[in-house]
Structure formats: C-alpha cells, structure tokens
Amino acid sequence: MDTTRLIIVAVGGQGNLLASSVLGEAALLSGISLNMSEIHGMAQRGGVVESSLVFGGARSPIIADGEADVLVGFEPAETLRALGRCNQNTVVITSLAPLMPFTVNIGQGVYPDLDELQAQIRDRTARLIAFNAATLARKSGNVLSVNMVLLGALAQTDILPFSADTIKEAMKRKTKKAFLESNLNAFDLGYQAAAGN
Amino acid sequence: MLLLGNEAIARGAIEAGVAFASTYPGTPSSEISLNLFQMSHESDLYFEYSTNEKVSIEVAAAAAKSGVRSMCMMKHVGLNVAADPLITLAYIGVKAGMVVITADDPFMFSSQNEQDNRYYAKLAGIPLVEPSSTQEAKDLIGYAFELSEKLNEPVIFRTTTRINHSSGIVELGPITPPVTRGDFTKDPLNLVPVPVVARKLHVKLLKNLETGRELAEKSEYNFTRGDGPWGIICNGVSYNYVDDAVRELGIEDKTTVLRLGFSYPLPEDLIKGFLEKCEKVLVVEEGEPFLEEATKAFAHEASLSIPVNGKTGDLFSRLYEYNPALVRKCIAQYFGLPYTEIKATDVSGIPDIPQRPPTLCAGCSHRATFYAVKKAAEGMETIYPSDIGCYTLGLLPPLSTADFLVCMGSSAGTACGFAQVTDKKVIAFIGDSTFFHSGIPGLVNAVFNSHNYTLVILDNGTTAMTGHQPHPGVDMTKLNLDGYGRIAIEPVVRALGIQHVTTIKPYKVKKSIEAIREAILYDGVSVVISEEICALYSKAIKEKQRRPFYVSDKCKDHKNCLMELACPAFYVWEDRVKIDPNMCTGCAVCAQVCPENAILPVKKETAAAK
Ligand code: SF4
C-alpha cells in the first residue's frame, strides 16, 4: 500500500496532539496501518510541538527532511520553519494567525511578513492553502478549535487515505462531547475554506 | 488499539503480572509511570515515586528478591544514579522477575547528554532487550520478565525517545493476575557480598551470562529477514528505517537483515553464522558502535575477512538520531547502489524566523524568585549554579540565572567549589524535587566543609518539569490520596545546622528581595526557601485562581515589566505593553515592578465577562 506522510507543527497548547489522535483513530477505523511520533519540546512551556504521521505500509514513525507529502502548520512562522520537511510536490496547509514568540516581544528577532511568508511557501511547494484558522474557530463557537478547522482543510485535499466522514466519526470518538458540535462546525468551516483557497 | 510506546510498555507490565513498580520521573520515560500510578489506584499493583533512581532500584530489588515481580523505570541519566545498586545486584540476583527500563534520548530532545545505556548491560553483565515498535514494546516486557526469572538476574529494557513517544497499533493480550505478597529467606552467604561472597557471586554471574547467551542464540527477538549476500545488522528503532529502506531500494532479494532485540549477551554463534553467509556487512545502530565493535571482533575470530562497517568513514555518526532518508542513503552508498535523494525544499533565502524557546509559564513562581535574587544581588559579581527542572529555563535573558549545570543535584555540590576558588558571590538554585533527589548531600558537604554560598530552594510543591509528579515534600492529601508521609524542607535544612534559613513568598517582591539580600550577605552557608505552588499545577488541580491584571493608561511605556520579567502573558500591541487576560495568573509581580503602578487587577465584573 502507498505511504502517505503528514507532518503537523504547532505551538504548545494549540491542540496538535488531539488532532493527531483523531487522525490515528480515523486510520484505525479504516483499517489503515499507522505509525506516529510526537516531539513535544516542553509543549506546556510554549515550545514547538511536532507530530509525524505515516499512513500505509512503512514501519518508520518519523519523516525525514524533504519527505512530507503534507505539512499542516497551526501557526504561520512554525509552518515556515518546517519548510525543509517539504519538497516541490508537498501540499502545505497553514493558519495565518500568528502567535508571537516571546523573543519578538523582547526585541530578539522580527516576525516574518505574512505575504512574503506565503509567497516563499507557494514558490517552493505544490499547493498552499492558507487562511486564518483562528477566525474560523471563533466563528465555529469554540476559539480552541483551530485544530479541527485545520483537520477540515486537510480532509478537503483528499490526500489522506480516508474520507472526511471517517475523520468526523473519529472526532465523535476522540473529542469531548460538549465540544463536538462546535468541533464539527469548525471542521466544516476549514473544509470550505480549503475548497475556496 | 492505538497506543503510545510508553502506554504499550505499561500495558505490557500489567499483562506480565507486574506487582511492584517504582520510579523517579524523567522524560522520555514519564508516561509509563503516569499510567502505572493511575492503575495502582484501581488495582493491586503497588506503585511508588521514589526519592531518586537509586532508591527506586533498591526498593524494587528487595521486592523481586522476595518473589514479587517488579519493574523500575527511569530516563537514561537516571541509570547513572542507579548504577551502584544495579551493578552489584547483578551479582546477587533476583528471585521473581525484575525489569529495569532505561529511556535513552538520542538527539537530546529533553536531556543533557545522549549516553548509550546498552553499555550498562555489558558493564554489569545484565541481559539487555530493545524493542523496535510499539507492539514489541508491549510484548517484550513479558519476555523480559520470563528471561529475568530464567536467569535470576534483573533485565535491562532499553528504549529510545522514538519508541517511547511513537504510537502504533497494538494488539492486546490477556492480563496475568499479579502476585503481590512475597517472602524473604535469609541466606547471608549468598546475599551479602562481602569479599569472600562476592568472589563466588561473580563466578555465578559469568555462568548466568553464558546461559543468557545461549538463550539469545535462540530468541525469537533475534531474527533475520531476507536471504541475500549483503548483511545488515540493526537494533531498536533503526530496524524500521532499515526495513523501509530495503523495500524502497528494491534490494529485498540481495540483503539479509539481522535484527537484534535481545542484544546482550550477544548471540555469538548466530552472528558468526550470519557473517559467514555475507559478502559485506553494514551495522545500523544509533548511538555508540556497540554492535559494530562486537561484530568486527566476531568476524575476526571466525577468520572472516569481509568488510564490516557502520560508523567509520562517512557512513553513520555517533551523534543524534537517525531517520529513514539517512539510513536509505547510507545503505545505498555502502552497497554501491545508484541513489538519488529526494530533494528537500531549498530553504535558502527564507527570512530569519524568530526562535521560540520554551519559557517559564506565565505567573511561574520561579520567575518571581529569579527577579528578586537579581535585584538582591545587584552590583555584585555572581555565579548561579543551577539544577534540573523548569527553572533551568532561567538560563536565557533577561533572567540569566543559570550559569552552570551538570546533573541532578549538582547545584548544591558545584556551588561549594565555586565558592572555594572564586571571589564571586555564589547563589545556587535547586527545585524541591531535585533537593530530595540528590541536593541534600551537597548541602551537607557545604556545612561540613564550611563553604560560603546561598542555596535558593525553589519549592513549588511538585515535580513540575516532567508533568507534576509527587515527591517527598508534597502534600498528597491535595490529590485526595492518603497513606503518605510528608517531609517539610525547612526543618530538614535547619537540622543540618544551617544558621541562616529564611522562607519567602516570592510574589511579595520587596520582602523577598530584602530577605534574599540578607541571606547572601551572610558569611557561611545560607538557605532561602521560596515557597509558592507551580502556576500550571495549581490550575491542573483546580485551586482557586487569582484575578488577572491589565496595563492601565497610567503606563508610561518604560517596559520594565516586559524586559525584566519576560512573562509570556505580556504582548506588545501598537507599541504598547498589554497583558493577555487568558494567560495572566494574577501573581502581581509585574504590578510591583512597574514604577508607575500602572498594572492593576481586572475589575470583578470585567473578569467575570471574560
Ligand atoms: S510548569 Fe510550573 S514550574 Fe514549570 S514553568 Fe510552568 S509554572 Fe513554572
């Protein structure tokens, strides 16, 4: 079976690990083998969290530079930082809502310009889907659902070996009941945003 | 079911009927203990957070010697602390199975070194097993217990971060009911290793090793795949990269892969037999050339002149972790296959991206203490030996309060040396959990040898860094758990004979600065205990939270708050400092730092509307 390699990058607290576990559940539901690996460099202390998900036949749980088929970034600067994991055929999905690294606030470094950032990514990869996931999360009724918005966008690309409905079924099993409705909303908003992007 | 490697290990332990587990927390091993701790509340499993890794091995060894299956888990450097009991325990042996898990951390995702703990197996003469996948992480635990009982020796179970923190689909097996009570039979002439006993025990250990080798020869965890003249030997996570690479390079019919999952004592005959069938051999193992050196020696002994390589020349490195592309490239290069690398995106010309290092949480009490210490020491030349915990994050500016660090507990010891040979003011930092772990001996030393420094004990009521595990100073009733003792730090420090001991509340900035100043001006050993619960932990256990603060229009834009405290709740918006009310914990330290008194608590009504 073909292997699909997905990298998700986020800042601690953005719900990356929940997004991965939803995708893991979706793989399980569709009988697709999966190896997944997480690096949470002190996630709760504002560091970067990275998950690698390898669907299909491969044994390796990690993805080398240049080998991601899809990169999903929950934060624009982190998406750009992970660009080395992509190649010219990679599809990149990113939120455009910045989370300022603290270093910028105290004058160490400048946050990249968002238009330039998108141009840089677009130039070097197959497709860029970029929108403000935080706005859509707010619209869905749950500001914390940025992760579900981006899962919706990911489902729209049809790159993963299972359908949007399977992901929704996995969301039912893996996310809290109280948030399910807003999460499903968020997912649909992300799906539509990607379709029009 | 989809399990994290560490969850699979915990499950494996339960399936193996483990009845006794002990640990000192350390990433990447922590989730194993977290799971077992929870299970212990609902089952007969005995679980403890021990004071340190050495103690955790000692308690588990006694349980195993009394016939109760026991398991100990720790991060790789933890085994350094535990090495003393472990190595002699190999002489003495166990009765019921005992498995010691060491979680190595190639690339040092969350560690101070990337030592390869397979050498401990060789050093101690203890069998070693290493899983390659999540499923194996579970299954191999049961195997390790059986092995331990066959040999009456503890077994080292070695993982790397990519095993601990990877998830895969795992098929569960049945649970074995644990045997929780044991008995101990006196037998001092075999159990008390005075020299004449130890000489005898070493002979027994060597015999055990030989039996272990025979078992390794036949172990189902040492297997080959394929049947070609190119040999590849690998272990642990590398096996996955090798297996993928062989398939992707289309060389299944040319290669034989030998995967070693029971890798000490090495199956000498198996390896020699394998070498005889190969024209050329590549060893793929992260870390040190443990298998490579042994394989070369076996080839030599068997008078085989085939090339064996791994980490020499421009092949693999001893540094960091491997990845599928690297392994594919080295295999292609070594066996002379045409190979074009997948071209990664060229990232030259991409603007510099600001770093995002982990920082102390908003409202972290360590930040308050660091600020007070820096104010108290203003104008003095200082050295800040630090220790292992969240507070190590104080190393970055603007706090800059970590100048030297070696290992757990080293602040209290290294401070002695700095104080002795320099003329600078030495102020050392240590957390509460680390203090109990191994800080006390350093402080005892300071008193006995009359060193002149200040030890600041950052008592935040938990082991924060690894995910808020308890330690001997923690009030367990807060967690609704009874049956625990509690050791207060201040009486311990006073009992050591330290004359100048003060306890501060770090959110009271002015008072704290004064108290710390007195302590550092004191001639001799002084201790400041800074008491305030970890902000993140306080939220996690649902303590009542304070009201957040905001920056009012009295602000004259000095930015002292931002530049001196660097609390992540601050942000700059249209060149003005703001506070994110969702992050602010209301510690009020910035409000006391602001020269204009411009930072004020959010009023009740607005706070409620948030
Ligand atoms: S977890 Fe606790 S001790 Fe660690 S940085 Fe956060 S508030 Fe501070």
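Chain B and chain A bury about 4500 Å² between them. Carbon and sulfur atoms account for 59% of that area. The model is predicted. Three residues of chain B stand out: B:T345, B:P354 and B:R356 supply 18% of the area that chain B buries against chain A, more than any other three residues. In residue terms, the contact takes 61 from chain B and 56 from chain A.

Polar links come next. Between chain B and chain A, 24 residue pairs are in polar contact, with both residues at pLDDT 80 or more. Which elements of chain B each supply at least two residues of the side that touches chain A? Three are strands: β1 (2-4), β8 (166-169) and β21 (570-573). The helices are α7 (161-164), α10 (238-248), α13 (324-334) and α20 (560-565). The largest share comes from α10(B), with seven residues. By residue type, the side of chain B that touches chain A divides into 36 nonpolar, 12 polar and 13 charged residues.

Now the charges. How many salt bridges does the rule find across the interface of chain B and chain A? There are five. One pairs the side chains of A:E67 and B:R328, at 3.0 Å from N to O. B:R328 falls within α13 (324-334) of chain B.

Strand pairing also joins the two chains. Strand β2 (residues 34-40) of chain A runs antiparallel to β8(B), and three bridges join them. One partnership can be named: A:M36 has B:S167 as its bridge partner in β8(B). The strand β8 (166-169) is thus also among the elements that supply at least two residues to the side of chain B touching chain A.

Key: Residues numbered from 1 in each chain as written. Chains lettered and ligands numbered in written order. Predicted model: local features only at pLDDT ≥ 70, side-chain atom pairs only at ≥ 80, totals over all residues. Heavy atoms only, no water. Contact = heavy atoms within 4.5 Å. Buried area = accessible area lost by both parts, 1.4 Å probe. Salt bridge = Lys/Arg side-chain N within 4 Å of Asp/Glu carboxyl O. Polar contact = N/O pair within 3.5 Å; in protein donor to acceptor, adjacent residues only side chain to side chain. Helix = DSSP H or I, 4+ residues; strand = E, 2+ residues; numbered from the N terminus. Nonpolar A, V, L, I, M, F, W, Y, C, P; charged D, E, K, R; others polar. Pairing = 2+ DSSP bridges.
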